[in-house]
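Work through the exercises below with the sequence and coordinates open. Each task is followed by a solution in steps.

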Amino acid sequence: NVLVVKEQDTEDGNFPTVKSPNPEDKEGFEIAIKMAKENDVDVIIGTDPDCDRVGIVVRDADGIYRTLTGNQTGALLVEYILSSKKAKGTLPENGVVIKTIVTTELAAAIAHSYGIEIMNVLTGFKYIGEKMTEFAKTGDHTYLIGFEESYGYLVGTHARDKDGVVATMLIAEMAAYYKKQGKSLAEVIDGLYEEFGYYLNQTYSFEFGGAAGMQKMADIMTAVRDNTPKSVAGYDVVKVSDYLLKKETEIATGNTTDIDLPKSNVIALHLSDDNAVIIRPSGTEPKIKLYITSVGKDKANATEICEKLVAASKEILGIK
């Protein structure tokens with residue numbers, strides 16, 4: 001039972017019904033949500049024009065339409081795929097889920113609960129594709145799903161980029177599967193939070209304009225690298241991943257391991273209680289991006305932790 005939003009079913013490169021035709025922008029779903037309320041709709045699925053990114057809106061038990069993030073949709077797909085394969089006895093021992101370093105660790109918690117390895121790669125879907133090509137040559141791992149927080153998912157080895165066509169099909173299939181069990185996708189993601197903790201992932205950008213901006217950004221990264229904080233907002237730094245130096249350091253022991261990824265000017269501070277702060281200068285704009293992961297017992301708790309981490313991180317970076 002599929003309905004199409006009539007105002008948005010005609011090809012028009014000006015995209016007159018939205019400010020941006022990107023499913024990461026909630027505003028793009030306004031017309032669809034109005035239509036969904038009038039037609040008793042369970043799930044809204046929207047893609048971008050070239051159909052590689054996919055966003056979804058789900059109806060919760062209170063009848064409220066909830067816009068899910070790329071991290072939440074990815075976590076749902078990981079759970080659905082791994083649980084389905086386990087139920088059928090087809091979950092491979094060498095199976096692997098791949099995500100980018102700034103994508104939710106909830107996916108890792110889910111994968112580990114099924115005994116499945118998680119691999120982190122640099123930001124950019126091409127790095128997921130590179131791993132897939134590597135597996136095809138070596139046979140060391142069986143690729144199950146790859147995704148990134150920016151609404152890109154790939155299931156199957158037919159492509160080396162995010163695929164909105166197959167992702168859309170799987171989201172619909174997943175929604176139908178859980179509906180037969182009397183569950184909405186909103187209830188399923190809430191169930192994952194109850195099991196693993198509420199993972200809140202937020203991204204913040206800070207602009208450094210003018211001729212001195214790029215140098216200021218470089219100085220900030222050097223300062224963090226040379227004087228790594230011992231704690232952030234009261235949470236101990238337990239591990240530091242420096243993707244430029246390609247080194248990961250356990251703070252308690254001082255032990256270092258090599259990071260087998262291309263060099264990238266990114267520093268990840270892994271904190272106690274599974275919280276994290278990742279600092280990355282944009283490659284295309286004069287901005288530093290902060291990726292904050294806070295893990296709480298519920299959304300309010302995770303939000304409170306996140307706010308503390310953001311304030312402390314800005315202080316560490318010297319950002320007002």
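## Exercise 1: the setting of one methionine

M217 has a relative accessibility of 3%, so it counts as buried. The model behind this value is a predicted one.

Task: Determine which helix holds M217 and which residues beyond four places away in sequence it touches.

Solution.
- Step 1. Locate the residue: M217 belongs to helix α7, which covers residues 213–226.
- Step 2. Apply the burial cut-off: buried means under 20% relative accessible area, and M217 is at 3%.
- Step 3. List the contacts, leaving out residues up to four places away in sequence: M217 touches F208, P281, S282, E285, P286, K287 and I288.
- Step 4. Take a distance to another part of the chain: A111 is 106 residues from M217 along the chain, and their C-alpha atoms are 35 Å apart.

## Exercise 2: two packed helices

Task: Classify the packing of α2 against α6 by angle, and describe the residues of the contact.

Solution.
- Step 1. Take the geometry: helix α2 (residues 70–88) and helix α6 (residues 185–196) have axes 10 Å apart and pack at about 85 degrees.
- Step 2. Compare with the cut-off: angles of 65 to 115 degrees count as roughly perpendicular.
- Step 3. Therefore α2 is roughly perpendicular to α6.
- Step 4. Identify the residues: α2 contributes Q72, A75, L76 and E79, which meet L185, V188, I189, L192 and Y193 of α6.
- Step 5. Sort them: the contact of α2 with α6 has seven nonpolar residues, one polar and one charged.

## Exercise 3: aromatic pairs

Task: Count the aromatic pairs and decide whether the pair of F147 and Y153 is stacked, edge-to-face or tilted.

Solution.
- Step 1. Rings pair if their centres lie within 6.5 Å, and the count comes to five aromatic pairs.
- Step 2. For F147 and Y153 the ring centres are 6.3 Å apart and the planes meet at 25 degrees, so the pair is stacked.
- Step 3. Check burial: F147 and Y153 are both buried.
- Step 4. Look for a cluster: ring pairs link Y80, Y177 and Y178.

## Exercise 4: the whole chain

Task: Compare the radius of gyration of the chain with that of a compact globule.

Solution.
- Step 1. For 320 residues a compact globule would have a radius of gyration near 20 Å; the chain has 20 Å, so the two agree.
- Step 2. Add the extent: the C-alpha trace spans about 60 × 50 × 40 Å along its principal axes.
- Step 3. Add burial: 48% of the 320 residues count as buried.
- Step 4. Add the secondary structure: the chain has eight helices and 15 strands.

Notes:
Residues numbered from 1 in each chain as written. Predicted model: local features only at pLDDT ≥ 70, side-chain atom pairs only at ≥ 80, totals over all residues. Heavy atoms only, no water. Phe/Tyr/Trp six-rings, centres within 6.5 Å; stacked < 30°, edge-to-face > 60°. Buried < 20%, exposed > 50% of the residue type's maximum accessible area, 1.4 Å probe, protein only. Axes fitted to C-alpha atoms, helices over the stretch in contact; angles between N-to-C directions. Helix = DSSP H or I, 4+ residues; strand = E, 2+ residues; numbered from the N terminus. Parallel < 35°, antiparallel > 145°, perpendicular 65-115°, else oblique. Contact = heavy atoms within 4.5 Å. Nonpolar A, V, L, I, M, F, W, Y, C, P; charged D, E, K, R; others polar. Rg over C-alpha atoms; globule rule 2.2 N^0.38 Å.
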